[in-house]
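Please open the structure in a viewer and keep the sequence panel visible. The tour below proceeds by selection, with a short account of what each selection shows.

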Amino acid sequence: MRIAVDAMGGDHAPAEIVKGAIAASQVLDAEIILVGTPAKLEKELRLRNANLSIVAAAEVIGMNEPPAQAVRQKKDASVNVAIQLVKDGKADAIVSAGSTGALMAAALFKLGRIQEIERPAIATEFPLPSGKVLLLDMGANVDCKPIHLKQFAIMGSLYAEHVLHIKNPRVGLLNIGEEKEKGNELVRETWPLLKAAPINFIGNVESKEILRGKADVIVCDGFVGNLILKFAESLAGSVFKLFKEELTRGLLSKVGLAFLMPAIQRLRKKITYDEHGGAPLLGIQGVVYKAHGRAKAQAIKNAIIQTYEAASKKVPEKINTGTFN
């Protein structure tokens, strides 16, 4: 197994990307290929007395650059070179913490879509008290048609079954109410398509039920999905900040904090994106994972591990077996 890592993408590249890649290489039976500026990557490897493969890339696509234009113009950008390794069969998968739009554009231009999939989707795992729930799309497609949500649902169901090991996963449609008559035109027209699809469709799911375990896979358009994702990240940080402020107000609170700290750290570990690594781009003819733009070493390590498992399970091939019409 060979996994290409865009070592120049992300807020903390290349140092944290290299650290995470080294950590992943120590637990996986895989060759980790760093893609980026050789001098910078060699320096990071020397600092950690490590030896990973390097493939040179002279350019980097920034977070604020127009994705499609940048991918076309910067042929030697790290994300382009990494995707090309997958296309040429020199890598089995790619991980990048760089621009989501650039990663999606490069994957579409070079690898292409799975047959019958009109729009690839980003799928994100959210932790539950027991298990996980998969939401998609998380921002790849802000404007969707009902057929797109149907395809997201089938891809999400296949991913949950083969990668998350959930037998006959329950698929829900995110809506403002349980009744099929509720919601906007998009979700009302999507409901009968999901009902007729070859999935375990359980109907509409309200946002309050996302983290209650009612469904294993929840489908929405990328505009709504990205709002949920960003709100969840912000909420988690705010809750921990408020918790800390209240528990450090007085002497008794500080004493209590000392006893609670192990449990707080376990909770933080469970809900932080560091532990959940990356999000797959489903619908691409290849295994492509997006790590968080602010990802540090632990998140990169876990994203690479997730990517390894998806590549081992041959996720694109599994999705190719789906019935989408």
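**A guided tour of the model**

Lysine 132 has a relative accessible area of 36% and is therefore partly exposed. Select this residue together with glutamate 125: the two form a salt bridge in which the closest N and O atoms are 2.9 Å apart. Glutamate 125, in contrast to its partner, is buried, with a relative accessible area of 10%. Please bear in mind throughout that this is a predicted model.

**The whole chain**

Next, display the entire protein chain as a cartoon. The chain contains twelve helices and eleven strands. Of its 325 residues, 50% are buried. Among contacts between residues at least 6 apart in sequence, 70% join residues at least 24 apart.

**Helix H4 and its surroundings**

Now select residues 78-87, which constitute helix H4. How many of the ten residues of H4 are buried? Eight of them are, and the helix is accordingly described as mostly covered. The buried residues are Ser78, Val79, Asn80, Val81, Ala82, Ile83, Leu85 and Val86. Just after H4, select glycine 89, which takes a positive phi of about 75°.

Add helix H5, residues 100-110, to the selection. Two packed helices are described by the angle between their axes and the distance between the axes. For H4 and H5, the angle is about 35° and the axes are 10 Å apart. Their crossing is right-handed. To inspect the contact, show the side chains of Val79, Asn80, Ile83, Gln84 and Lys87 in H4, which meet Leu103, Ala106, Ala107 and Lys110 in H5. By class, the residues of this contact comprise five nonpolar, two polar and two charged.

**Helices H6 and H7**

Proceed to helix H6, residues 146-162, and helix H7, residues 185-196. The axes of these helices come within 8 Å and cross at roughly 50°. H6 and H7 are therefore oblique to each other. The passage of H6 across H7 is a right-handed crossing. On the H6 side, select Pro146, Ile147, Leu149, Lys150 and Ala153; on the H7 side, select Leu186, Glu189, Thr190, Leu193 and Leu194; these residues make the contact. The contact of H6 with H7 has seven nonpolar residues, one polar residue and two charged residues.

**Further salt bridges**

Side chains of opposite charge can pair when their charged atoms come close. In the whole structure, a search finds nine salt bridges. The pair formed by glutamate 125 and lysine 132, selected at the start, is one example.

For another, select lysine 74 and glutamate 65, which form a salt bridge with the closest N and O atoms 2.8 Å apart. Glutamate 65 counts as partly exposed, at 25% relative accessibility.

Then select glutamate 179 and lysine 182. These residues form a salt bridge, and their closest N and O atoms lie 3.6 Å apart. Are the two partners buried or partly exposed? Glutamate 179 has a relative accessible area of 42% and is partly exposed. Lysine 182 is also partly exposed, with a relative accessible area of 38%.

Finally, select Glu178, Glu209 and Lys214, which are joined into one network by salt bridges that share partners.

How values were computed: Residues are numbered from 1 along each chain as its sequence is written. This is a predicted model: local features need pLDDT of at least 70, side-chain atom pairs count only at pLDDT 80 or more; totals for chains, interfaces and linings use all residues. Side-chain values use heavy atoms; hydrogens and water are left out. Axes are lines fitted to C-alpha atoms, for helices over the stretch in contact, and angles run from 0 to 180 degrees between N-to-C directions. Helices (H or I, at least four residues) and strands (E, at least two) are DSSP runs, numbered from the N terminus. Angles under 35 degrees count as roughly parallel, over 145 as roughly antiparallel, 65 to 115 as roughly perpendicular and the rest as oblique. A crossing is left-handed if the near helix is turned anticlockwise from the far one by less than a right angle, and right-handed if clockwise. Contact means heavy atoms within 4.5 Å. Ala, Val, Leu, Ile, Met, Phe, Trp, Tyr, Cys and Pro count as nonpolar, Asp, Glu, Lys and Arg as charged, and the others, Gly among them, as polar. A salt bridge is a side-chain nitrogen of Lys or Arg within 4 Å of a carboxyl oxygen of Asp or Glu. Buried means under 20% relative accessible area, exposed over 50%, partly exposed in between (1.4 Å probe, protein chains only).
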